[in-house]
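Let us walk through a protein model together. Keep the 3D view open and turn it as you read.

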Amino acid sequence: METLLILGAIFLSVFTHSLTGFGGTLVAMALLPGLLDIRAATPLAAMVAFSTEILLLQRYRRATNWRAILPVIIAGFIGIPLGVWALKGVDETIIFTILGLVIAGYALYALFEFKLPELRHALWGYLAGLVAGILGGAYATTGPPVVIYASCRRWPPPEFKGNLQVFFLLTDLLVVLNHAVAGNLTTLVWSHYLWSLLALFLGMLSGVWLDRYIPPAIFRRLILI
């Protein structure tokens, strides 16, 4: 039963990501820690996200603005090892509390569509990337700071999705590598990952196919709620 629930969480995560372009790891990390130890859930979510992004790269890569996203990537690479270290060295109660605040805080921000100021200076990209990297290493949730930063930069929708996809792909690869070095890619994690491949492909196919029929904005609001 537990395995079926994990596969269901992976399916919903990949379906969300393939339909809306981001948000998959937020869904995964809202569900998986209730089924797995947090130190297994985080690398599993990162592995699934990285696999999803490889498959989606062709869809978004032409819209990527490397000059705009490069500062975020560089800072993200610095933050990821810090997050992986925190996952191993910080009390689990604190880890869960911060994870809950990140997910709930971002959901409220996105639901109420708060109007944030426009950010013009590239230094904000380094700050967003650093925070995203730390969250990615600890929780596989690099998205919230970068999505907020991208919104404040007023990137057009194609560039928004393209930049985020490249950032997620590169940072999730580094997250997985850091977890491998830290010894977190256990037999249990690999077992769940291999089982999840079927759910991953079904979620991907469903999301890409239903993209033509389901307004992504409406679906995203339902997921956030």
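Start with alanine 140. Its relative accessible area is 0%, so alanine 140 is buried. You will find alanine 140 in a loop, between helix H6 (123-139) and helix H7 (143-153). Look at its backbone too. Alanine 140 has a positive phi of about 60°, although it is not a glycine. Bear in mind that this is a predicted model.

Now move along to arginine 154. Arginine 154 sits in the loop between H7 and H8. Its phi is also positive, at about 60°, and arginine 154 is not a glycine either. Is arginine 154 buried or partly exposed? Its relative accessibility is 37%, so arginine 154 counts as partly exposed. The cut-off for buried is under 20%, and exposed means over 50%.

Next comes helix H8 itself. Helix H8 covers residues 157-181, which makes 25 residues. From its first C-alpha to its last, H8 reaches 36 Å. At 1.5 Å a residue, 36 Å is what one would expect, and the model comes close to that. Just after H8 stands glycine 183. Glycine 183 takes a positive phi of about 80°.

Asparagine 184 lies in the loop between H8 and helix H9 (187-210). Asparagine 184 counts as buried, because its relative accessibility is 8%. What does asparagine 184 touch, once neighbours within four places in sequence are left aside? The contacts are Arg39, Pro43, Val84, Leu87, Lys88, His179 and Val189.

Val84 lies within helix H4, which runs over residues 66-89. How far apart are the end C-alpha atoms of H4? They are 34 Å apart. The 24 residues of H4 should span 34 Å at 1.5 Å a residue, so the two values agree. H4 has a kink, though. The kink is about 25° and lies at phenylalanine 77. Proline 81 follows shortly after phenylalanine 77.

Now look at the N-terminal end of H4. Which residue caps the N-terminal end of H4? Asparagine 65 does. One of its side-chain oxygens lies 3.2 Å from the backbone nitrogen of arginine 67.

Step back to threonine 64. Threonine 64 is in the loop between helix H3 (38-60) and H4. With a relative accessibility of 15%, threonine 64 falls under the 20% cut-off, so it counts as buried. Not counting residues up to four places away in sequence, threonine 64 touches Gly162, Asn163 and Val166. Glycine 162 also offers its backbone oxygen: a polar side-chain atom of threonine 64 lies 3.2 Å from that oxygen.

Turn now to the core. The largest nonpolar core has 63 residues. Which of them touch the most other members? They are Leu32, Leu44, Tyr106 and Phe167. Take leucine 44 as an example. Leaving aside neighbours within four places in sequence, leucine 44 is in contact with Ile6, Leu32, Leu36, Val189, His192 and Tyr193.

Rings come next. How many aromatic pairs does the structure hold? There are 5. One of them joins phenylalanine 11 and phenylalanine 15, and this pair is stacked. The ring centres are 6.0 Å apart, with 15° between the planes. Both phenylalanines lie in helix H1 (residues 2-20). They are 4 residues apart, about one turn of the helix. Their surroundings can be read from their accessible areas. Phenylalanine 11 has a relative accessible area of 30%, so it is partly exposed. Phenylalanine 15 has 8%, so it is buried. Another ring pair is formed by tyrosine 106 and tyrosine 109: the centres are 5.8 Å apart and the planes stand at 45°, so the pair is tilted. Both tyrosines lie in helix H5 (residues 92-112), 3 residues apart, about one turn of the helix. Tyrosine 106 is buried, and tyrosine 109 is buried as well.

Finish with leucine 7. Leucine 7 is in helix H1. Its relative accessible area is 18%, so leucine 7 is buried. Beyond neighbours within four places in sequence, leucine 7 is in contact with Trp195, Ser196 and Ala199. Now compare glutamate 113, which is 106 residues away from leucine 7 along the chain. The C-alpha atoms of leucine 7 and glutamate 113 are separated by 31 Å.

Conventions: Residues are numbered from 1 along each chain as its sequence is written. This is a predicted model: local features need pLDDT of at least 70, side-chain atom pairs count only at pLDDT 80 or more; totals for chains, interfaces and linings use all residues. Side-chain values use heavy atoms; hydrogens and water are left out. A nonpolar core is a set of buried Ala, Val, Leu, Ile, Met, Phe, Trp, Tyr and Cys residues joined through side-chain atoms within 4.5 Å. Buried means under 20% relative accessible area, exposed over 50%, partly exposed in between (1.4 Å probe, protein chains only). Contact means heavy atoms within 4.5 Å. Helices (H or I, at least four residues) and strands (E, at least two) are DSSP runs, numbered from the N terminus. The expected span of a helix is 1.5 Å times one less than its number of residues. The bend at a residue is the angle between axes fitted to the seven residues ending there and the seven starting there. A polar contact is a pair of N or O atoms within 3.5 Å; within protein, one must be able to donate a hydrogen and the other to accept it, and residues adjacent in sequence count only if both atoms are side-chain atoms. Rings of Phe, Tyr and Trp (its six-membered ring) pair if their centres lie within 6.5 Å; planes under 30 degrees apart count as stacked, over 60 as edge-to-face and the rest as tilted.
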